[in-house]
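Take a look at the model below. This report visits two helix contacts, an annotated domain and an annotated binding site.

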Amino acid sequence: MPTVAKAAPRAAPRSARMPKADVVEMFTRLRELNPHPNTELEYSTPFELLVAVALSAQATDVGVNKATRKLFPVANTPQAILALGEDGLKKYIATIGLFNAKAKNVIATCRLLIEQHGGEVPRDRAALEALPGVGRKTANVVLNTAFGEPVMAVDTHIFRVANRTGLAPGKDVRAVEDGLVKTIPAEFLLDAHHWLILHGRYVCKARKPDCPQCVIRDLCRFKQKTAA
């Protein structure tokens, strides 16, 4: 079945590993700053989240939200989206990159959810990854955000933050994911995905990190901190 190609995160400079005490302090500060973090994708059910995350590959959350605000009031179940058909779905998501491939995957996913899972999103990694266009990262987002599983979805922002700060340096996404799960204390792990992605999106930005405004700048091992 068709899949959406996922761009690998760009290589991020790896820093010296952050000591355990600093890891605890880092997440204590992030929690104080944002006690109840969540995804910026708009959803109300696990199925809506699954669709939104699938649409977000190589697209912004803002762009996805604009599309789903029109789509979900019309069709927000596997049955309803399947009834739209591929062409009908494309009309709602045409503003999102790779919408043709994404429409095929979402329709195929809806069909499998109905045929194999009673129309419900499975709370199982293998079953999620068996859905068209759903890879490990998407599965982790759904497991974490919809079902409260302490797993770590690593996107380009988290990959960058983990390497720059020294939190969990790694040469690829899976190495960083495994490092984060091993390094982050259990009390922070459930929300860590959201703290890290928001920190990477708004503070530890790719081109020019906002180090002067960073609440963890004294803990960070990044050698090229910006001054202003």
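## Where α7 meets α10

Start with one helix contact in this predicted model. On the α7 side, the residues are Val141, Asn144 and Thr145. They meet Leu189, Leu190, His193 and His194 of α10. Sorted by class, the contact of α7 with α10 has three nonpolar and four polar residues. Charged residues are absent from the contact of α7 with α10.

How do the two helices lie? Helix α7 covers residues 136-146. Helix α10 covers residues 186-202. The angle between α7 and α10 is about 120 degrees, and their axes are 10 Å apart. Roughly perpendicular ends at 115 degrees and roughly antiparallel begins over 145, so an angle between these limits counts as oblique. That makes α7 oblique to α10. The crossing of α7 and α10 is left-handed.

## Where α2 meets α5

Now move to a second pair. Helix α2 runs over residues 46-55, and helix α5 over residues 99-117. Their axes lie 10 Å apart, at an angle of about 155 degrees. An angle over 145 degrees counts as roughly antiparallel. Therefore α2 and α5 are roughly antiparallel to each other. The crossing of α2 and α5 is right-handed.

Which residues make this contact? From α2 come Phe47, Leu50, Val51, Ala54 and Leu55. From α5 come Lys102, Val106, Thr109, Cys110 and Leu113. The class count for α2 with α5 is eight nonpolar, one polar and one charged. Lysine counts as charged and threonine as polar. Lys102 and Thr109 both belong to the α5 side of the contact.

## The annotated domain

An unreviewed UniProt entry lists residues 55-202 as "domain: HhH-GPD". This span is 68% helix and 0% strand. The C-alpha atoms at the two ends of residues 55-202 lie 21 Å apart.

## Four cysteines

The unreviewed UniProt entry also gives a "binding site" feature. Which residues does this feature name? They are Cys204, Cys211, Cys214 and Cys220. These cysteines are spread over 17 residues of sequence, yet they cluster in space. The largest C-alpha distance among them is 10.6 Å.

Where else do these cysteines appear? The lining of the largest cavity includes Cys204, Cys211, Cys214 and Cys220. Cys211 sits in the segment after α10. That links back to the opening contact, where α10 contributes Leu189, Leu190, His193 and His194.

How values were computed
Residues numbered from 1 in each chain as written. Predicted model: local features only at pLDDT ≥ 70, side-chain atom pairs only at ≥ 80, totals over all residues. Heavy atoms only, no water. UniProt positions renumbered as here; feature names shortened; annotations may be inferred. Helix = DSSP H or I, 4+ residues; strand = E, 2+ residues; numbered from the N terminus. Axes fitted to C-alpha atoms, helices over the stretch in contact; angles between N-to-C directions. Parallel < 35°, antiparallel > 145°, perpendicular 65-115°, else oblique. Left-handed = near helix turned anticlockwise from the far one by under 90°. Contact = heavy atoms within 4.5 Å. 1 Å grid on protein atoms, 1.4 Å probe; cavity = no way out; pocket = protein on both sides within 12 Å on 5 of 7 lines; lining within 4 Å.
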